[in-house]
Amino acid sequence: MLTYSYYPGCTLRTKAKELDAYARASAAALGVELVELPEWQCCGGVYSSAGNEPVTKLAAVRALIAARDAGTPLVTVCSACYNVLAQVNHELRTNPAFAAKVAQYLELAAPYTGETEVLHLLQVLRDHVGFEAVRAAVKHPLTDRRIAPYYGCLLLRPGKVLQFDDPENPQTLEALLTALGATPVITAERNECCGGYRVVEDASFAGQRSDAIAASAADFGAELLITACPLCRYNLQKTGRLPVVYFTELLAEALGVKEAAQHG
Amino acid sequence: MADTTEILRMSGVDPRKCMRCGKCTATCPSYNEMDIPPHRFVYLVEQGRVETLLSCRTIWKCLSCFACVERCPRGVEPAKLIEALRLTKLRPQGGDHLQPAQLADIEDDDLPQQALVSALRKFSK
Ligand code: SF4
Ligand code: SF4
């Protein structure tokens, strides 16, 4: 059994419950134990690159420290939470002045300097479970289904900090789809922005961005788009061009735990 | 008001590394909406034109998608300069670009919390 601390994030408690439920069910089916942190707060959704913004990062630091104390890596499944947790952790690891400032705010006996390993669930599947083992656990292969992975920004950038995958030619979701028996459809827009949070202020702009992405996936003959981000999913779905689901839903379907997750 | 030195310190960016190739602007999904596109933004910081940048539209149009950061051949990281200017604009009293009350008007039950918290972080103090 592989054991991890788990940070669901606020959107997975509300509008993206299925992203969470399918992640937990699939993890369990693959022998991965996700232990939810006893306490966690919203990560803030976006990371600030400014060097003098410690206060907005404290919620992330608390989660990172809790995982360190539990002696496990910290796993999350929302792209935005992943981006924030990983970037804050990197900042603490590489910037002693920032780590000292944070220690002061949180009244820590010694500064936390980024010891926790932050992982997206996709990294756990790829690097710890292994896609071969995922393939072996598939009960209902997604044969003949043409599915376009959509990464967006938050899983990939900044590439140097996250080191999740090659930001210009990512392979992780494609390899997962292949392991599930589906045919990955690679599109040019898979790592371009969906319009993100600007939808709040200007829905038509976000609509144009997302439409370019969905149209390109449809042009390449995809029947479905997958993502790990609730906001990407929201923006892409609004285009009405093709259905958009979380990667965890497809995973749960292929592993034969989808029904159980819905009622769990 | 912040001066250029403060912007450089906040962002950790050295605009003098820029060779004005325009690649950041070419890859920016929002450049059409901006009055000052990313490559020019970098140049204006180098020129110390902080006042101009504090009142430009670009700081609200940037998506923080980091495409410019990833693809700049000189590692200039234009989005970090935009973030520093946006924060400098937001921090003083009355600097908010978006009021929480405006969000209450959005009637869309599907909109994820993530969108609201992110927009508030980027557009208000
Ligand atoms: S891509 Fe980099 S070097 Fe080229 S103009 Fe933009 S900031 Fe300057
Ligand atoms: S981070 Fe901002 S400036 Fe850079 S490419 Fe994205 S939208 Fe354009």
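Start with the second largest pocket, whose lining divides by class into 6 nonpolar, 6 polar and 3 charged residues; bear in mind throughout that this is a predicted model. To find the site, select Arg93(A), Glu117(A), Val118(A), Val161(A) and Leu162(A), which lie nearest the centre of this pocket among the 15 residues that line it. Colouring chain A by element then helps, since α3, β4 (118–120), α5 (121–129) and α7 of that chain each give two or more residues to the lining. Within that group α3(A) has the largest share, with 5 residues, and the volume of the second largest pocket comes to about 260 Å³. If you colour by domain instead, you will see that the lining draws at least three residues from each of domain 1 (2–121) and domain 2 (139–262) of chain A.

Keep Val161(A) selected and move to the largest pocket, where this residue is again listed among those nearest the centre, together with Tyr47(A), His90(A), Glu77(B) and Lys80(B). The space here is about 570 Å³, and the lining counts 28 residues, which by class are 10 nonpolar, 11 polar and 7 charged. Show both chains at this stop, because at least two lining residues are supplied by each of α3 (79–94), α4 (96–106) and α7 (159–162) of chain A and by each of α1 (4–11) and α6 of chain B. The largest share of this lining, 4 residues, comes from α3(A).

Follow α3(A) next into the largest nonpolar core, to which this helix gives the most, with 8 residues. The core has 76 residues in total, and those that touch the most other members are Leu92(A), Leu176(A), Leu180(A), Phe247(A) and Leu250(A), which make a good selection to begin with. Domain 1 (2–121) and domain 2 (139–262) of chain A each contribute at least three residues to this core.

Three stops on the backbone of chain A come next. Select Arg157(A) and Pro158(A), whose connecting peptide bond is cis, with omega near -5°; Pro158(A) sits in the loop between β5 (146–149) and α7 of chain A. On the other side of α7, in the loop that leads to α8 (172–179) of chain A, select Gln163(A), a residue other than glycine whose phi nevertheless has a positive value, near 50°. Is Gln163(A) buried or exposed? Its relative accessible area is 59%, so Gln163(A) counts as exposed. Then go to Glu107(A), in the loop between α4 and β4 of chain A, where phi is likewise positive and near 50°. Glu107(A) is exposed as well, with a relative accessible area of 71%.

Finish on the two ligands, beginning with ligand 1, which is surrounded by 13 residues, the closest being Cys18(B), Cys21(B), Gly22(B), Cys24(B) and Cys72(B). By class this shell holds 8 nonpolar, 2 polar and 3 charged residues.

For ligand 2, select Cys28(B), Cys62(B), Leu63(B), Cys65(B) and Cys68(B), which come nearest to the ligand out of the 13 residues around it. Which elements of chain B each supply at least two residues of this shell? They are α6 (67–71) and α7 (78–90), and the first of these, α6 of chain B, also supplies at least two residues to the lining of the largest pocket visited earlier. The shell around ligand 2 is made up of 12 nonpolar residues and 1 polar residue, with no charged ones.

Definitions and conventions
Residues are numbered from 1 along each chain as its sequence is written. Chains are lettered from A and ligands numbered from 1 in the order in which they are written. This is a predicted model: local features need pLDDT of at least 70, side-chain atom pairs count only at pLDDT 80 or more; totals for chains, interfaces and linings use all residues. Side-chain values use heavy atoms; hydrogens and water are left out. A residue is near a molecule or strand if one of its heavy atoms lies within 4 Å of it. Ala, Val, Leu, Ile, Met, Phe, Trp, Tyr, Cys and Pro count as nonpolar, Asp, Glu, Lys and Arg as charged, and the others, Gly among them, as polar. On a 1 Å grid over the protein atoms alone, a cavity is a set of points where a 1.4 Å probe fits but cannot get out, and a pocket is an open set with protein on both sides within 12 Å along at least five of seven lines; lining residues have an atom within 4 Å of a point. Grid points are joined across faces, edges and corners, and a volume is the space filled by probe spheres set on the points. Domain bounds come from an automatic or database domain assignment. A nonpolar core is a set of buried Ala, Val, Leu, Ile, Met, Phe, Trp, Tyr and Cys residues joined through side-chain atoms within 4.5 Å. Buried means under 20% relative accessible area, exposed over 50%, partly exposed in between (1.4 Å probe, protein chains only).
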